[in-house]
Amino acid sequence: MLDTLKIKADFPIFKNHSDLIYLDNAATSQKPQSVIDRITKFYSSENANVHRGVYPLSEQASEAYDLARKKVADFINAKSAKEIIFTKGTTDSLNLAAASYGLDNLKPDDEVLMSDFEHHSNFLPWKNVCEKTGATLKILNSDDDGSINQKEWQSKLNKKTKIVAIAHASNVLGTINDIKEISAIVHEVGAVLVVDGAQAIPHLQINVQDLDCDFYAFSGHKMLAPMGIGVLYVKEEILSKMFPYQLGGGMIESVSLDEVVYAEYPEKFEAGTPNVAGAIALVSAIDYLSKIGLSEIRSHEIELSEYLLDGLAKIKKVKLLGSAAPSQRTGLVSFSVEGIHAHDLSDYLAKQGLALRAGFHCAQPLHQSRNCGATLRASYYLYNSEKDLEVLLNNLEKAISYYG
Ligand SMILES: Cc1ncc(COP(=O)(O)O)c(C=O)c1O
């Protein structure tokens, strides 16, 4: 297992809140000092706008921003840095994909396919685009463990399907989907595959060429980087045919009253001043994760999942969502307790220093399809230890006897 005490020492939040047991990493991760320092350094000694000035400070900021794009491309093994669009986060990325690709390419007889476990950020943009274009939105129902069976794919995926939008990992079930396998069947019918990678990228080494997805969206803030920076990867052959849905400064070659020549992609899709500090600090987050090792982080989380799933199975009235197999999950477990509202439980746990999320986790259709109320979600990361989960399990038992 990872040396979590040593890792925790790199995260100032734990010095400032010595009793905090942070188990809400699926919502956002904490930030290491190196990421915080990088933001401070940018604003203290490097701040200038990019791709606009010809003075040294602006040129250096532009260089650092362009290098960040290259580093992100390398991190997810994109063919080219041109395929990386910086956004505000996953929500922004998916809205861009829906507006710039979906609106222009869907027609009334077309179909868009997505799962019942999508986050609202993946569900709503496609629902909206379907309503505007007259395309039909179809839902793939998942099994109890969060997987989508062959029969479901066969009955819903067909030649009319033009877009399949699916989470790499569900933020409620934790289930990791086999994107490589999915991309093969999606491409067989000529559709494009949009992957919501928000919950996968903090935990798995992503290789977009190997996955063969057409779009891959993620947020920096769930993988140790600051809030407000995200990425939309788009395969170049698709990107070259897309039109930007936001227009303004920074995305043109020339403008006259009669004619506009747009910049090359990806800048064409980044209208306005970008989050330069965020992009540069995202590289520091990638460096930190790479130093610890994503495969080490993954093994650590699987051990934590084993421990937590085992502990929860021993507590009466606990009902688990998703797979019982730790290796099929990212670092999260959602569950409910019969007869006790998740908000009451999270309130009780909060008083013991435990930070967990309770509610529908921006995935209300999933909770409706499973016919369950609000759930409690424990999500862990590289700085969490078995001890953190032991404290959770002990206090959960106390909370159940308090309310039960
Ligand atoms: C699966 C999934 N998709 C999308 C999002 C939205 O991410 P953001 O709020 O960073 O845009 C989240 C956030 O929790 C998520 O878990």
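This passage describes selected helices, strands, aromatic pairs and backbone features of a predicted model.

Helix α12, which comprises the 20 residues 294–313, has end C-alpha atoms that are 28 Å apart, and this agrees with the span of 28 Å that is expected at 1.5 Å a residue. The buried residues of α12 are Leu294, Ile297, Arg298, His300, Glu301, Leu304, Ser305, Leu308, Leu309, Gly311 and Leu312. They cover an arc of only 165° around the axis, which means that they are placed on the same side of α12. The face turned away from this buried side carries Ser295 and Ala313, both of which are exposed. A general property of helices helps in reading such a pattern: an α-helix has 3.6 residues a turn, so residues three or four places apart point the same way.

The same reasoning can be applied to a second helix. For the 14 residues of α3, a rise of 1.5 Å a residue leads to an expected span of 20 Å, and the end C-alpha atoms are 18 Å apart, which agrees. Val35, Arg38, Phe42 and Glu46 are the buried residues of α3, and because they cover an arc of only 60° around the axis, they lie on the same side of α3. Tyr43 and Ser44, by contrast, are exposed residues on the face of α3 that is turned away from the buried side. The elements that cover the buried residues of α3 include α4 and α11.

Attention now turns to a sheet and to the helix that lies across part of it. Four strands form an open sheet in the order β11-β12-β15-β14, and their pairing is antiparallel. The strands β11 (318–320) and β14 (357–359) stand at the edges and have a single partner strand each, so one side of each is left without a neighbour in the sheet. From one strand to the next, the twist averages 30°. Within this sheet, strand β12 (residues 332–337) and strand β15 (residues 375–379) run antiparallel and are joined by four bridges; in one of the pairings between these strands, Ser334 has Arg377 of β15 as its bridge partner. Helix α12 lies across β11, β12 and β15, and runs at about 10° to β12.

Aromatic rings also link parts of the chain, and a pair of them is described by the distance of the centres and the angle of the planes. The count of aromatic pairs in the model comes to 13. Among them is the pair of Tyr348 and Tyr403, which is edge-to-face, with 6.4 Å from centre to centre and 70° between the planes. Because Tyr348 lies in helix α13 (residues 342–351) and Tyr403 in helix α15 (residues 386–403), this pair ties together parts that are 55 residues apart in sequence. The two residues can also be described by their accessibility, since Tyr348 counts as buried at 16% relative accessibility, whereas Tyr403, at 32%, counts as partly exposed. The rings of Tyr381 and Tyr383 have centres 6.1 Å apart and planes at 75°, and this pair is therefore edge-to-face. Both Tyr381 and Tyr383 are buried, and together with Phe11, Phe14 and Tyr288 they form one aromatic cluster.

Gln30, found in the loop between β1 (21–22) and α3 (33–46), touches members of this cluster. When residues up to four places away in sequence are not counted, Gln30 touches Phe11, Ile13, Phe14, Tyr22, Asn25, Leu224 and Tyr383. With a relative accessibility of 12%, Gln30 counts as buried.

Several features of the backbone were also noted. Most residues other than glycine have a negative phi, and most peptide bonds are trans. Leu224, one of the residues touched by Gln30, has a phi near 80°, a positive value in a residue other than glycine. Leu224 is placed in the loop between β7 (215–219) and β8 (230–234), and it is buried, with a relative accessible area of 0%. Asn77 likewise has a positive phi, of about 55°, although it is not a glycine; its place is in the loop between α4 (56–75) and β2 (84–87), and at 33% relative accessibility Asn77 counts as partly exposed. Finally, the peptide bond from Tyr265 to Pro266 is cis, with omega near 5°, and Pro266 has its place in the loop between β10 (260–262) and α11 (276–292).

Key: Residues are numbered from 1 along each chain as its sequence is written. This is a predicted model: local features need pLDDT of at least 70, side-chain atom pairs count only at pLDDT 80 or more; totals for chains, interfaces and linings use all residues. Side-chain values use heavy atoms; hydrogens and water are left out. Helices (H or I, at least four residues) and strands (E, at least two) are DSSP runs, numbered from the N terminus. The expected span of a helix is 1.5 Å times one less than its number of residues. Buried means under 20% relative accessible area, exposed over 50%, partly exposed in between (1.4 Å probe, protein chains only). The arc is that of the directions from the helix axis to the C-beta atoms. Two strands pair if DSSP finds at least two bridges between them. Axes are lines fitted to C-alpha atoms, for helices over the stretch in contact, and angles run from 0 to 180 degrees between N-to-C directions. Contact means heavy atoms within 4.5 Å. Rings of Phe, Tyr and Trp (its six-membered ring) pair if their centres lie within 6.5 Å; planes under 30 degrees apart count as stacked, over 60 as edge-to-face and the rest as tilted.
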